[in-house]
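Let's walk through this structure together, with the model open beside the text. Please keep both the sequence and the 3D view at hand.

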Amino acid sequence: MPAASFVLRRQALVVPAANLSVRAIGLAMRLGLVVYLARFLGMTEVGQFGLIQGAASLTPVVLGWGITYYLGRELVGKTRLEAGRLVRDRLLLTMASVAAAGALLAALMLTETIEAPGALPWIAAILFLEALAFDLHFALISVGRPITANFLLFVRSGLWVFPAAGLGLALPALRTLDFVLLCWTLALIANFIALLPILGAWPLAAIARAPIDRDWIAARMRGSKLIYLNDLGVVGMAYLDRYIVHSMLDLRATGIFVLHWAVANAVHVLVTAATVQVSLPVLVSAYRQGGDRRWRIELRTLGLRVLAIGAPLSLLVFAVAVLGLPGLPAEALPFSAPLLALMLASAVIRLLADALNYGLYSRGLDRSLACINILGAVVAVLLSLALLPMLGLVGVGLAMVLNSTLLLVARAVALSARDRIQHAERAGG
């Protein structure tokens, strides 16, 4: 028993550390890619890449219909045949949704209702493959393969930066956005090839022969409306701002926004992976086993940890970016001190808001969680539309700070209201 206990404790440390390491390296690669694009291609190309990157993140959610929320829970404990059938049906729905959306966009382009973007074949391939990879990522986590899932995420989101930037540095003719998108597409293909050894242990023939469970698909789509709106709200708060900037300004301004966003988002993702995400099971366990008092202690500890890591890291990143990176001229990386300061401040406030979001989740307040996220997405768009014309990109940064603060306050009020209700119920009992 002591030996088994030691193995379990070691796994509890190794798995999160491995996942964090893979996420951190992939994040560093993506940030490095943005710097490479800004330095050698220009801010217009950064803007174009940022719009494509945003579309790749929005597509799986917009065309996912909120089903991933239920699929992840239902896969746990299933046999490989049962899990394989569910994942297959999910992928079929995704492929049908992407095909329908693609047909609609093609019709709009043919009628010149909208303008066809450059590098359309690469963009179409990336959006299609990213949507499938998104579904498989969460499926792998649910069937007990989190390290595999995060390694494949690194392959398709970080590893390809080495050839994209490295060959571009060595061969100036390859310093093009088309070559970057080609490398991204090849990485997505490599992601699926890397799955083949894993799939070899699954009963693929039996999974393929099994009938499609249309009733399950229909039931999940009907029952996931609020979750779907919540997912749209979360991803919308992360990526809609760049499209607002593009529509009201130009591609160069979009590139400047994406450059600052990439730096601030790096802080957010690193602190989230190191503190917020790993605290979810702790909060759930504390509430179930220790009650309100223990849960409050854990939530307060999480908030203090977020501030202790996020605030100094943000100050360090701000100092490095504003003072200038070695060997990189300021005109190639046009960092704005006010804009970056606002985005980093927003990242720290959003980390605190995320901690309270996990607080809502750990106490089962799903409706409050979803409604606040939906409201947050709407307010984020309205604030950006209002402040961008008045203050330019700094206005978008200010909108991000205000929206993050609104989320923090709304989630705190929701948790406080729940506490008051529970105290009243105990007093009445």
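The paragraphs below go from the nonpolar cores to a kinked helix, then to charged pairs, a serine and the cysteines.

Please keep in mind that this is a predicted model. A good place to begin is the largest nonpolar core, which has 80 residues. Those with the most contacts inside this core are Leu 33, Leu 37, Phe 49, Trp 160, Val 180, Trp 184 and Phe 257. Helix α12, spanning residues 251-276, supplies the largest share of the core, with 12 residues. If you centre your view on Leu 37, you will find that this residue touches Gly 42, Val 46, Phe 49 and Val 180, leaving out residues up to four places away in sequence. Apart from the largest core lies another one, of 20 residues. Its members include Leu 71, Leu 75, Leu 132 and Ile 217.

Next, turn to helix α11, residues 225-248. Where does the kink in this helix lie? It is centred on Met 237, and the bend there is about 50°. Met 237 itself is buried, as are Gly 233, Val 235, Gly 236 and Tyr 239 of α11. The buried residues of this helix also include some with polar or charged side chains, among them Asn 230, Asp 241 and Arg 242.

Now for the charged pairs. Side chains of opposite charge can pair when their charged atoms come close. How many salt bridges does a search of the whole structure find? The search finds 5, and three of them make good stops on this tour.

One of these joins the side chains of Glu 130 and Arg 156, at 3.9 Å from N to O. Because Glu 130 lies in helix α5 (residues 120-142) and Arg 156 in helix α6 (residues 146-159), the pair ties together parts that are 26 residues apart in sequence. Glu 130 is buried, with a relative accessible area of 13%, and Arg 156 is buried too, at 5%.

Another salt bridge links Arg 411 and Asp 354, whose closest N and O atoms are 3.9 Å apart. Here Arg 411 belongs to helix α16 (residues 393-428) and Asp 354 to helix α14 (residues 337-362), so the pair ties together parts 57 residues apart in sequence. Arg 411 counts as buried at 3% relative accessibility, and Asp 354 is buried with a relative accessible area of 17%.

The pair of Glu 298 and Arg 294 sits within one helix, α13 (residues 280-323). Their side chains meet in a salt bridge at 2.7 Å, N to O. The two residues are 4 apart in sequence, so about one helical turn separates them. Is each partner buried or exposed? Glu 298 counts as buried, at 17% relative accessibility, whereas Arg 294 is partly exposed, at 39%.

For a closer look at a single polar residue, find Ser 97 in helix α4, residues 80-110. This serine counts as buried, with a relative accessibility of 9%. Its side chain reaches the backbone oxygen of Leu 93 at 2.9 Å. Beyond its neighbours within four places in sequence, Ser 97 is in contact with Leu 63 and Trp 65.

Our last stop is the cysteines. A disulfide is a covalent bond between the sulfur atoms of two cysteines. This structure holds 0 disulfides. Cys 183 is buried, with a relative accessible area of 8%, while Cys 371 is partly exposed, at 39%.

Conventions
Residues are numbered from 1 along each chain as its sequence is written. This is a predicted model: local features need pLDDT of at least 70, side-chain atom pairs count only at pLDDT 80 or more; totals for chains, interfaces and linings use all residues. Side-chain values use heavy atoms; hydrogens and water are left out. A nonpolar core is a set of buried Ala, Val, Leu, Ile, Met, Phe, Trp, Tyr and Cys residues joined through side-chain atoms within 4.5 Å. Buried means under 20% relative accessible area, exposed over 50%, partly exposed in between (1.4 Å probe, protein chains only). Contact means heavy atoms within 4.5 Å. The bend at a residue is the angle between axes fitted to the seven residues ending there and the seven starting there. A salt bridge is a side-chain nitrogen of Lys or Arg within 4 Å of a carboxyl oxygen of Asp or Glu. A polar contact is a pair of N or O atoms within 3.5 Å; within protein, one must be able to donate a hydrogen and the other to accept it, and residues adjacent in sequence count only if both atoms are side-chain atoms. A disulfide is a pair of cysteine sulfur atoms within 2.5 Å.
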